[in-house]
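Welcome, and please take a moment to turn the structure around before reading on. The paragraphs after it will walk you through a few of its parts.

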Amino acid sequence: MSHPDSRDPKKLAGLVVGAIGVVYGDIGTSPLYTLKECFNGHVPLALNAFNVLGILSLIFWGLMLVVTLKYVSIILQADNRGEGGILALMALALRAAGDRKTTAFRLAVLGIFGAALFSGESIITPAISVLSALEGISLVSHTLEPYILPVAIAIMIGLFAMQSRGTALVGKLFGPIMLTWFGVLALLGVINIVQAPQVLAAVNPWYAVQFFLAHPWVAFVLLGAVVLCLTGVEALYADMGHFGRPAIRYAWCLLVLPALVLNYFGQGALLISNPEAIKNPFYLLAPSWAQLPLVVLATMATVIASQAVISGAFSVANQAVQLGFCPRMDIQHTSEREMGQIYIPGVNWFLLVSVIILILSFRTSSNLAAAYGFAVTCTMVMTTLLAFYVAGHYLQGQKKYLYWAVLSFLLLIDLAFFSANILKLHEGGWFPLMLGLIAFTLMMTWKQGRKMLSAKLREGEMPLPGFVESLEACPPQRVEGLSIFMTASSDSVPHALLHNLKHNKVLHEQVVFLTIQTDDIPFVPSRERVVVRKLGQTFYQVIATFGFKEEPNVPLVLQQVTQLQPELVFDDMNTSFFLSRETIVEAKYPSMSWWRRRLFSLMSRNATRVTNFFKIPPNRVVEMGMQVEL
């Protein structure tokens with residue numbers, strides 16, 4: 001499914017510019033540090049033409065095979081109703097798995113762990129990008145070096161403080177600034193390639209092969225630095241829903257890829273001509289008079305790259321909440337027109353504190369480069385494995401085996417990059433891994449806890465139709481008004497109703513049982529969202545379905561219900577919402593380990609209130625408390 005605007009050439013051009021500004025910010029700023037890290041002394045490697053051509057060949061073919069072939073050509077085809085990203089791919093895979101619970105669990109682990117590692121990348125990207133841009137100041141004047149860290153932290157505070165106001169205004173500048181950035185990358189590259197045109201020979205993969213044959217262990221270790229040219233590659237897939245497949249492909253093939261290749265080759269040509277330029281080959285591409293403006297442009301580009309990653313973190317957190325892997329969060333819309341522009345305060349301030357700690361701990365982009373890469377390569381492996389399963393289910397015949405063969409080859413490349421980054425764990429790679437494991441543990445604990453809680457609540461439940469019949473046959477005292485009982489189960493009696501009858505012994509004139517559920521597609525069409533069933537004379541069942549990229553909105557659901565069932569009028573003064581509120585206590589024979597039970601209980605207590613999450617008027621809500629043993 002393509003973006004609706006991609007059929008109109010003028011609108012497609014706008015989408016291409018937007019994709020350049022948002023999707024390619026991270027991978028577009030990687031020339032700031034990639035080639036420098038390959039020769040920064042972590043492994044003994046002489047700075048000569050043979051080694052420069054070998055590394056350039058690895059970078060070139062990494063961009064061609066991983067980005068162009070795998071993501072742009074193959075992975076972008078695995079869209080979930082037009083949406084991309086590892087959680088959308090996981091939802092596709094889970095749908096393919098059907099009732100095979102063991103397979104579904106393994107696929108969920110792959111998807112959730114990949115999404116969890118994205119949290120680590122969301123913290124490292126702003127830190128390494130902005131630091132690498134500001135470090136160019138030292139070439140202008142060494143007296144400015146002490147200000148690099150304070151300025152980087154000030155930029156981060158300003159960037160994260162701006163999130164609550166939305167990015168619609170500055171977002172209009174992203175495309176033009178990044179167009180300028182990629183134009184400058186290409187221009188600087190061409191100017192230096194002219195000085196040493198022999199560098200273009202690196203497009204021949206034989207140079208990469210020769211480099212591996214000459215230095216097998218060093219070349220393998222250096223894959224951990226070469227992979228820095230691929231950082232941000234997941235954004236191509238994750239942002240497919242915003243810009244569409246054609247815009248992302250055109251932007252990559254027509255501008256981003258040529259600009260990156262020209263700049264990397266320009267840096268290589270500079271190093272062959274002047275090996276001393278290794279202290280900062282990117283900034284030394286430019287003449288001395290242009291270095292300060294280049295620092296300013298690079299800083300703007302890295303702020304844009306950071307913004308794209310932060311927005312991606314909000315989007316992933318929102319999807320995780322809707323898919324049931326995270327507790328309810330306070331999700332705020334920052335734009336009336338753009339549905340995808342959201343702000344999650346808890347995630348925002350956690351990222352800011354983590355980024356500042358990271359900057360103060362690692363202090364330079366070279367130190368951070370050791371931490372970067374592990375999360376990226378691990379997510380790349382997870383994406384390939386999920387794509388392998390999806391291709392096996394949705395493709396048939398020779399096409400399926402062709403895709404399997406290509407994905408198997410690409411998986412070997414992913415595993416090579418991943419293995420090289422394992423060697424960097426002790427140098428800083430442990431940081432994103434630790435964050436990823438914490439996020440993974442939280443998400444899986446929440447999912448398992450909610451599953452156990454739901455099973456516990458269903459013990460001894462009564463079927464809803466039979467209970468309604470008994471109430472109509474022997475009705476309790478009825479009072480004026482309409483009551484809405486929210487329940488996760490659409491076929492059993494809500495606990496709030498049982499508690500209300502037990503303690504209050506009354507029932508409203510009209511009763512609605514409301515179930516909100518999330519589907520494994522990103523968006524549900526409005527006409528398919530609400531189903532209303534009449535269970536009796538005064539009893540109604542409403543089932544509302546939302547996509548995993550949507551936010552449940554009960555008032556909007558009730559408006560649709562009135563259109564479908566005119567006798568149901570939800571007047572604010574006459575409507576009461578009844579909710580169950582569970583308190584987790586330890587069972588005699590616990591079904592969860594003590595630490596996971598306490599963690600789940602803590603997450604439950606700190607989840608956003610149901611009234612805020614579903615946008616229910618809080619002054620019309622009655623909560624019925626109950627204790628549940630786990």
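What follows is a tour of a sheet, its neighbouring helices, some salt bridges and a surface patch.

Keep in mind from the start that this is a predicted model. A good place to begin is the sheet. It is an open sheet of 6 strands, in the order β5-β6-β4-β3-β7-β8, and its pairing is mixed. At the edges you will find β5 (530-534) and β8 (621-629), each of which pairs on one side only. If you look along the sheet, neighbouring strands are turned by 25° against each other on average, direction ignored. In general, the strands of a sheet pair through backbone hydrogen bonds, either parallel or antiparallel.

Let us step across the sheet from the β5 edge. Strands β5 and β6 pair in the antiparallel sense over 5 bridges, and they form a hairpin with 4 residues between them. To locate this pairing, find R533, whose bridge partner in β6 is Q541. On to the next pair: β6 (residues 539-546) and β4 (residues 506-518) run in the parallel sense, paired over 8 bridges. Two landmarks help here: L514 stands opposite V542 in β6, and Q517 stands opposite T545 in β6.

Is β6 mostly covered or mostly open? It is mostly covered, with 8 of its 8 residues buried. The burial extends to both faces: F539, Q541, I543 and T545 are buried on one side, and Y540, V542, A544 and F546 are buried on the other.

Now move towards the β8 edge. Strands β3 and β7 pair in the parallel sense over 4 bridges, and F485 has F578 in β7 as its bridge partner. Strands β7 and β8 also pair in the parallel sense, over 9 bridges. Here F578 comes up again, since F578 stands opposite V622 in β8. You can therefore use F578 as a signpost in β7, with F485 as its bridge partner and V622 opposite it in β8.

Next, the helices around the sheet. Helix α24 (residues 554-564) packs on the sheet and touches β3 (477-486), β4, β5, β6 and β7 (575-585). The direction of α24 makes about 55° with that of β5. Another helix to find is α22 (residues 495-503), where H495, A496, L497, N500 and L501 are buried. An α-helix has 3.6 residues a turn, so residues three or four places apart point the same way. The buried residues of α22 pack against α20 (430-458), α21 (464-473), β3, β4, β7 and β8.

Following α22 comes K505, whose phi is positive, near 55°. N504 lies in the loop between α22 and β4, and it counts as partly exposed because its relative accessibility is 43%. For a sense of distance, N504 and S361 are 143 residues apart in sequence and 59 Å apart in space, C-alpha to C-alpha.

How many salt bridges does a search of the whole structure find? It finds 6. One to look at is K36 with E135, where the closest N and O atoms are 3.7 Å apart. K36 lies in helix α3 (residues 34-38) and E135 in the loop between α6 (101-134) and α7, so this pair ties together parts that are 99 residues apart in sequence. K36 counts as buried at 9% relative accessibility, and E135 counts as buried at 12%.

A salt bridge also joins E550 and R529, with the closest N and O atoms 3.0 Å apart. E550 is in the loop between β6 and α24 while R529 is in helix α23 (residues 526-529), so the pair ties together parts 21 residues apart in sequence. Both E550 and R529 are buried.

At the edge strand β8, the side chains of E623 and R609 meet in a salt bridge (3.4 Å, N to O). E623 lies in β8 and R609 in the loop between α25 (594-606) and α26 (610-613), so parts 14 residues apart in sequence are tied together. E623 counts as partly exposed at 31% relative accessibility, and R609 is partly exposed too, at 41%.

Finally, visit the surface. V140, L144, Y147, V151 and L292 form a nonpolar patch there, with about 420 Å² of accessible area together. Within this patch, L144 sits in the loop between α7 (137-140) and α8 (148-161), and its relative accessibility of 34% makes it partly exposed.

Definitions and conventions:
Residues numbered from 1 in each chain as written. Predicted model: local features only at pLDDT ≥ 70, side-chain atom pairs only at ≥ 80, totals over all residues. Heavy atoms only, no water. Patch = residues over 30% accessible without salt bridge, like charges linked within 9 Å, V, L, I, M, F, W, Y side chains within 5 Å. Areas by Shrake-Rupley, 256 points an atom, 1.4 Å probe, with all protein chains shown as cover. Salt bridge = Lys/Arg side-chain N within 4 Å of Asp/Glu carboxyl O. Buried < 20%, exposed > 50% of the residue type's maximum accessible area, 1.4 Å probe, protein only. Pairing = 2+ DSSP bridges. Axes fitted to C-alpha atoms, helices over the stretch in contact; angles between N-to-C directions. Contact = heavy atoms within 4.5 Å.
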